[in-house]
Amino acid sequence: MLRTARLPLLLLMAVGCVPPEVDPPGEEPAPPDAGPNPTYTASRVTSTCEDLSSAEVLEFGAFTHVTAYKDLPFPFPLFGETATRFVATEQGQLFLGGASLFVSTAGEPRRPPDARLPNGWLAPFWDSRLTALDSTQSDVRVLRTGTGANERLVIGYNHFTLRFPSDTVPNPHVRLSFQVALLRGSQEIEFRYCQLDPGPEPGQELRARVLGSAAEIGLESSDGTLGVSYSFQTPLDLSEGNAIRFTPGS
């Protein structure tokens with residue numbers, strides 16, 4: 001369904017109040033704890049996007065513009081806190097948390113760390129005007145793949161667009177596709193950029209926006225006291241097939 005307008009939204013939602021699933025005996029143990037306050041080093045790498053054509057599709061709520069919560073297939077640390085589930089937003093954020101995951105969305109992106117809501121997120125492309133083109137062409141998909149040290153969860157935004165230059169009407173020519181990969185063995189996070197297409201004969205402002213001139217790309221802890229910003233409202237020097245890798249340290 002095509003939306004014609006969306007007002008800035010502040011949503012506080014508690015999703016799920018049941019204990020998280022744990023691996024039964026005999027399966028691989030969860031990765032070691034990343035430490036109480038780990039730092040992350042961000043680097044640019046070459047990484048191929050996964051084929052998500054047969055992956056599970058996650059749907060956005062008609063009014064909330066976020067997906068329902070979904071359990072992670074394995075525990076994953078974010079700034080030293082173990083996450084067991086996630087929620088995706090239409091504005092290009094993923095929220096990670098535990099059994100009671102609180103999700104908040106706000107209109108404009110902010111550079112982390114910032115104690116104001118929202119907190120506890122991964123932002124591969126947080127832009128207030130990022131939007132699905134329509135339900136037949138745009139979706140978010142999730143795929144668990146790999147085994148052992150190479151196991152990973154991939155969450156992909158496929159064929160999204162921007163409400164630009166109009167702030168109410170999705171641009172039918174822009175195509176943005178990107179993925180977040182949670183790498184179980186190394187506990188690294190990758191933002192993979194599959195398609196950054198401004199369409200035919202774009203103006204300079206639109207071309208810059210497609211490369212992140214109004215976006216935040218980074219990570220933030222659940223309380224907003226820790227964060228890493230790879231780029232804040234600055235066009236990225238990225239091309240399709242590039243990725244940003246966040247490696248945890250101590």
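Contact here means heavy atoms within 4.5 Å. With that in hand, let us walk through this predicted model, going from the chain as a whole to a few chosen residues.

## The chain at a glance

The chain has 250 residues, and 53% of them count as buried. Its secondary structure comes to one helix and 16 strands.

The surface and the contacts add to the picture. About 11,300 Å² of the chain is exposed, with carbon and sulfur atoms supplying 54% of that area. Looking at contacts between residues at least 6 apart in sequence, we find that 67% join residues at least 24 apart.

## The loop between β3 and β4

Now to a loop that holds two residues of interest. Strand β3 covers residues 56-58 and strand β4 covers 70-78, and threonine 67 has its place in the loop between them. Histidine 65 lies in the loop between β3 and β4 as well.

Are these residues buried or exposed? Threonine 67 counts as buried because its relative accessibility is 3%, under the 20% cut-off. Histidine 65 has a relative accessible area of 10%, so this residue is buried too.

## What the loop residues meet

Which residues does threonine 67 touch, leaving aside its neighbours within four places in sequence? Its contacts are Leu58, Glu59, Phe60, Val87 and Ala88.

Histidine 65 has a partner in space to look at: threonine 89. The two residues are 24 places apart in sequence, and their C-alpha atoms are 6.1 Å apart.

## The disulfide

How many disulfides does the chain have? The count comes to one. The bond joins cysteine 49 to cysteine 194, with an S to S distance of 2.1 Å. The angle about the S-S bond is -100°, and the link of cysteine 49 and cysteine 194 is left-handed. Cysteine 49 sits in the loop between β2 (40-46) and β3, while cysteine 194 belongs to strand β13 (residues 189-197), so the pair ties together parts of the chain that are 145 residues apart in sequence.

And how accessible are the two ends of this link? Cysteine 49 counts as partly exposed because its relative accessibility is 22%. Cysteine 194 also has a relative accessible area of 22%, so this end of the disulfide is partly exposed. Both values fall between the cut-offs of 20% for buried and 50% for exposed.

Conventions. Residues are numbered from 1 along each chain as its sequence is written. This is a predicted model: local features need pLDDT of at least 70, side-chain atom pairs count only at pLDDT 80 or more; totals for chains, interfaces and linings use all residues. Side-chain values use heavy atoms; hydrogens and water are left out. Helices (H or I, at least four residues) and strands (E, at least two) are DSSP runs, numbered from the N terminus. Buried means under 20% relative accessible area, exposed over 50%, partly exposed in between (1.4 Å probe, protein chains only). Accessible areas come from the Shrake-Rupley method with a 1.4 Å probe; for residues, only the protein chains shown count as cover. A disulfide is a pair of cysteine sulfur atoms within 2.5 Å.
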